[in-house]
Amino acid sequence: IKCRDSQEHYSFYSQEIHQRMSRKLNLENRLRVALEKDQFVLFYQPKVDSKTGELTGVEALLRWEDPERGLVAPGEFIPLLEETGLIVEVGNWVIGRAVADYRDWRARGIGIPMVAVNVSPRQLRDKHFVDLIGHAVDEVGEGHLELEITESVLMEDTEGSIKTLGILRELGAKVAIDDFGTGYSSLSYLSRMPVTALKIDQSFVFSMTKGPNDLAIVTSIISLAHSMNLMVIAEGVETEEQARLLRLLRCDQMQGYLYGRPNRSVPLPSR
Ligand code: C2E
Ligand code: MG
Ligand code: MG
Ligand code: MG
């Protein structure tokens, strides 16, 4: 909106822009400090088998322990980490931490089949990423590390993604498409993506019990996954009603508050 009536309006708007920019710069600096001072922490959320309820893995979810504000959720700082490229360094930290934690659980006799980490677009395109994952898989063993990548990221650069994911799979990493159903997948590309699992976005799980259209989407994603020999997991499962329906639809695994919130300590396998 342009206001040409007075000089004051211009200075008002530019002041607002200036404020927004300095707030951003301030956050960026604090995020650099956070990395230096080890203020990031990983929380782990269980994933369970729909039929048996057994723990199938855990997902690492990043938190920032800000000395000023306490625990900060990733939605508040990941966009800026992405924008500044700092996500590559923080992402490396996440993978290193998750691998170290996984080895620690194993040493303590806690057998968890898989640990999953979220991967951002910048990381996937980083030239050192493949080596990093190669070393990580060496540490945890083939088939025990899963990378969660959102659908939109894979569809942005399909040929590049197919190539990189192929290498990562060959190294022994598993790959899940996160937030599936929100990213306008081209089905022909999807069939060529060397992935192992689809994660149904929580928005569909939420509205699935509220009307026929989202139920149809969930049903279709599950049958699509199975016809492509992929594992399918529902995220954001909060109620028994959702769980019952998902089991009926043959969804393989579940994740959500009903089974456990993201937590500082790892959930013990229920066997
Ligand atoms: P995501 O990977 O799709 O993770 C699922 C989000 O849903 C998490 O939010 C989780 O805490 C939340 N959630 C889990 N169960 C339920 C439930 O039953 N109900 C509801 N309402 N929410 C549930 P969180 O931890 O705030 O993470 C948000 C997003 O931030 C993640 O979405 C992921 O895209 C990103 N993220 C988190 N950690 C990392 C990381 O280490 N690296 C990168 N690049 N992104 C990360
Ligand atoms: Mg995820
Ligand atoms: Mg998700
Ligand atoms: Mg999400």
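**Close-up views of a predicted model**

**View 1. Asp179 and Glu235 differ in how far they are covered.** Asp179 counts as partly exposed because its relative accessibility is 24%. Glu235 counts as buried, at 8%. (Buried means under 20% relative accessible area, exposed over 50%, partly exposed in between; 1.4 Å probe, protein chains only.) This is a predicted model, in which local features need pLDDT of at least 70, side-chain atom pairs count only at pLDDT 80 or more, and totals for chains, interfaces and linings use all residues. Residues are numbered from 1 along each chain as its sequence is written, chains are lettered from A and ligands numbered from 1 in the order written, and side-chain values use heavy atoms, without hydrogens or water.

**View 2. Asp178, Asp179 and Glu235 hold the magnesium ion (ligand 3).** Asp178 and Asp179 give OD donors, and Glu235 gives OE donors, at 2.1 to 2.3 Å from the ion. (Donors are N, O and S atoms within 2.8 Å of the metal, or 3.2 Å for Na, K and Ca; water is not among the atoms, so sites may look incomplete.) Along the chain, the donors follow the spacing D-D-x55-E. Asp179 lies in strand β6 (residues 174–180), while Glu235 lies in the loop between β8 (231–234) and α11 (240–248). The pair is 56 residues apart and links distant parts of the chain. (Helices, H or I with at least four residues, and strands, E with at least two, are DSSP runs numbered from the N terminus.)

**View 3. Asp178 coordinates two magnesium ions.** These are ligand 3 and ligand 2, and they are 4.3 Å apart.

**View 4. Ligand 1 has 21 residues around it.** The closest are Arg63, Asn118, Gln202, Glu238 and Tyr257. (The residues counted have a heavy atom within 4 Å.) Strands β2 (55–66) and β6 each supply at least two residues of this shell. β2 gives the most, with 4 residues.

**View 5. Ligand 1 has N or O atoms close to polar atoms of Leu62, Glu235 and Glu238.** One of its nitrogen atoms is 3.1 Å from a polar backbone atom of Leu62. An oxygen atom of ligand 1 is 3.4 Å from a side-chain N or O atom of Glu235. For the side chain of Glu238, a nitrogen atom of ligand 1 is 2.5 Å from an N or O atom. (The cut-off for such pairs is within 3.5 Å.) Taken alone, ligand 1 exposes 800 Å², and the protein buries 81% of that. (The areas come from the Shrake-Rupley method with a 1.4 Å probe.)

**View 6. Val237 is buried in the loop between β8 and α11.** Its relative accessible area is 0%. The C-alpha atoms of Val237 and Gln255 are separated by 5.9 Å. Along the chain, these two residues are 18 residues apart.

Note on methods. Polar contact = N/O pair within 3.5 Å; in protein donor to acceptor, adjacent residues only side chain to side chain.
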